[in-house]
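I opened this notebook to keep track of what I looked up in one structure. The entries follow the order in which I checked things.

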Amino acid sequence: FTMGVRFVLCVCLFAAAGALRTPQARAPASALRPSGKAARSARVRLDGAMRHAAAGLVFFVGAHTPAADLLGLRAMPALAATKELTPLEEAWDYADRYFLDRTFGGNDWKEIRVRLVESAPTNMPDDEVDERAKLMYTQLGDKYSRVLSPKEALELSKYDVTGVNVNVMRRPSDGALIVSAVPPKGSESEIAGVRYGDSVLSINGISMSGKTPFEALEVIQAGTDGTVSMGLQHPASDGDDAAAASQFSVKLKRAYTVTASPVLSKVVRVGSGERALDVGYVKLAEFNSVGARQVGDALRSMAERKVGGYVLDLRGNRGGVLEGALEIGGFFMGKGVPVVNVIDGFGAKTVYAATEEALVPAGAPVAVLVDSGSASASEVLAGALRDRCRATIIGERTYGKGVIQGVFGMRNGGAVILTLAKYQSPAGTEINGIGVLPNVDTWLKSTSLPPLLDGDIDFAVHAAQDSAGQACSTSP
């Protein structure tokens, strides 16, 4: 099992840990009961956080790379290769294999297994199992890692990003896509016979051979008729006869059909006289499955109009899937340029490069706007553009979330959220707890909500223009 971080790297699971600015969350959304205006505001924040966490069940369980994709990370055997583990054993084993901090928060992890796992009676009630698993993960001392009970994991299914309650991951042994979580009881997918561990052969008539979970989601969301057709196969290892393990198809109705657009773009005429120019402004609210494509469409249109500069606004963008940062990085720097270093708990480093060709002309000034709410994938992209001297970073120091989580489904319907790796900028600069330092540290007149004031666009692009060739330095 190679923990190759082609996960699609789960750089957004701060939300699953209880939202960016909060310490360890202690209750699911249903347990939080503020009142009045505060309640409405809290529900909005939790809704966004739970959607991010639900995305984790799609992408970050898919944190497993087949042998053909070896990326220099430590190879590990498949989990539960020889026997079916209990929920407590599963939770312990995931941390033992993949947790970033190999000191386990300064604990003897094997002693914790003896104390909390092996001592558990066979007939322990489910709620006590959940309690003990949660206690075990508090020992890790990591605010992002936690165990979700089946009930709490079900809360995420209300924010199902596929719309059909079928989340997918890569199978450890060969990288093929499989169903990564138990479909919710009574859901259309469960009634149709979809099971945890089923192989996903095709979606909407498109073969899933060699596809990532991120690409699978894109196929699902590209459908326009409100349904999703899937070709599946039950695993023969379930003990079924050969007929039960044969291929079958399901057609599921999607709970929703539209993924919200995270992109706002416009072209603004700024400056006067010799300094007058058209500037392309792109605001990206989050890195989701459609964001990179829409940013690319906007930049392509702006390049055709021959704009004189570009402003990419990442303020308030708390992250998302890393694939988006790799794609957008390519639009500015070109395919193959390093974007981020990923280091696992065993010290193995993998360099991830931009995956798309450049759309922005090499000489065009680029300003990237950030603030303390820019996190995770936003920091990856901003750090890469800064290290490459391809953009002038303007605004405030970013949030500083430089660790990566994976969400692993468990056989009892619960889930484990676990910190697996950390990332650095291409120059090797740490991001976690530090953030990305801007080249120009300043407050902009407008808020982080779009659209940006034209005066700020004028300031940003001319700051980038004036600092051409000096974008790697920082200044107050």
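Below are my notes on confidence, rings, the sheet and two serines.

**Entry 1, confidence.** I began with the status of the coordinates: this is a predicted model. The mean pLDDT of the protein is 76, and 73% of its residues reach 70 or more. I then looked at residues 1-82, where the pLDDT is below 50. That stretch still has 209 contacts in the model beyond near neighbours in sequence. I do not interpret those contacts, because predicted coordinates should not be read in detail where pLDDT is low.

**Entry 2, aromatic pairs.** I searched the whole structure for aromatic pairs and got six. I looked up Tyr 98 and Phe 408, whose ring centres are 5.6 Å apart. How are the rings of Tyr 98 and Phe 408 arranged? Their planes are at 10 degrees, and stacking requires an angle under 30 degrees, so I list the pair as stacked. Tyr 98 belongs to helix H2 (residues 87-98), while Phe 408 belongs to strand S15 (residues 403-409). The pair therefore links distant parts of the chain, with the two positions 310 residues apart.

I also checked burial for both partners. Tyr 98 has 1% relative accessibility and Phe 408 has 3%. The cut-off for buried is under 20%, so Tyr 98 and Phe 408 both count as buried.

**Entry 3, ring cluster and charges.** Next I followed the ring pairs that join Trp 92, Phe 99, Phe 104 and Trp 109 into a cluster. One member of the cluster, Trp 92, has Arg 113 over its face, at 4.8 Å from the ring centre. I noted a charge over a ring at Tyr 144 as well: the charged end of Lys 401 sits there, 4.9 Å from the centre of the ring.

**Entry 4, the sheet.** I traced an open sheet of six strands with mixed pairing. The order I wrote down is S8-S9-S10-S13-S14-S17. Which strands stand at the edges? They are S8 and S17 (440-441). Each has a single partner strand, so one side of each is left without a neighbour in the sheet.

At one edge, I found S8 (residues 263-270) paired with S9 (residues 277-284) in the antiparallel sense, over eight bridges. Within that pairing, I matched Val 267 to its bridge partner Gly 280 in S9. The hairpin of S8 and S9 has six residues between the strands, and there Gly 271 takes a positive phi near 75 degrees.

At the other edge, S17 runs parallel to S14 (residues 392-395), and two bridges join them. Ile 394 has Val 440 in S17 as its bridge partner.

**Entry 5, Ser 378.** I located Ser 378 in helix H10 (residues 377-387). Is Ser 378 buried or exposed? It is buried, with a relative accessible area of 1%. A polar atom of the Ser 378 side chain lies 2.9 Å from the backbone oxygen of Asn 317. Leaving out residues up to four places away in sequence, I list Phe 287, Leu 314, Asn 317 and Gly 319 as touching Ser 378.

**Entry 6, Ser 199.** Ser 199 is in strand S4 (residues 199-203). I recorded a relative accessible area of 9% for Ser 199, which is buried. Beyond residues up to four places away in sequence, the contacts of Ser 199 include Arg 171, Leu 177 and Gly 231. I also took the C-alpha separation from Ser 199 to Met 169: 9.8 Å, with the two 30 residues apart along the chain.

Key:
Residues are numbered from 1 along each chain as its sequence is written. This is a predicted model: local features need pLDDT of at least 70, side-chain atom pairs count only at pLDDT 80 or more; totals for chains, interfaces and linings use all residues. Side-chain values use heavy atoms; hydrogens and water are left out. Two strands pair if DSSP finds at least two bridges between them. Buried means under 20% relative accessible area, exposed over 50%, partly exposed in between (1.4 Å probe, protein chains only). A polar contact is a pair of N or O atoms within 3.5 Å; within protein, one must be able to donate a hydrogen and the other to accept it, and residues adjacent in sequence count only if both atoms are side-chain atoms. Contact means heavy atoms within 4.5 Å. pLDDT is the predictor's confidence in each residue, from 0 to 100. Rings of Phe, Tyr and Trp (its six-membered ring) pair if their centres lie within 6.5 Å; planes under 30 degrees apart count as stacked, over 60 as edge-to-face and the rest as tilted. A charge sits over a ring if NZ of Lys or CZ of Arg is within 6 Å of the ring centre and within 35 degrees of the ring normal.
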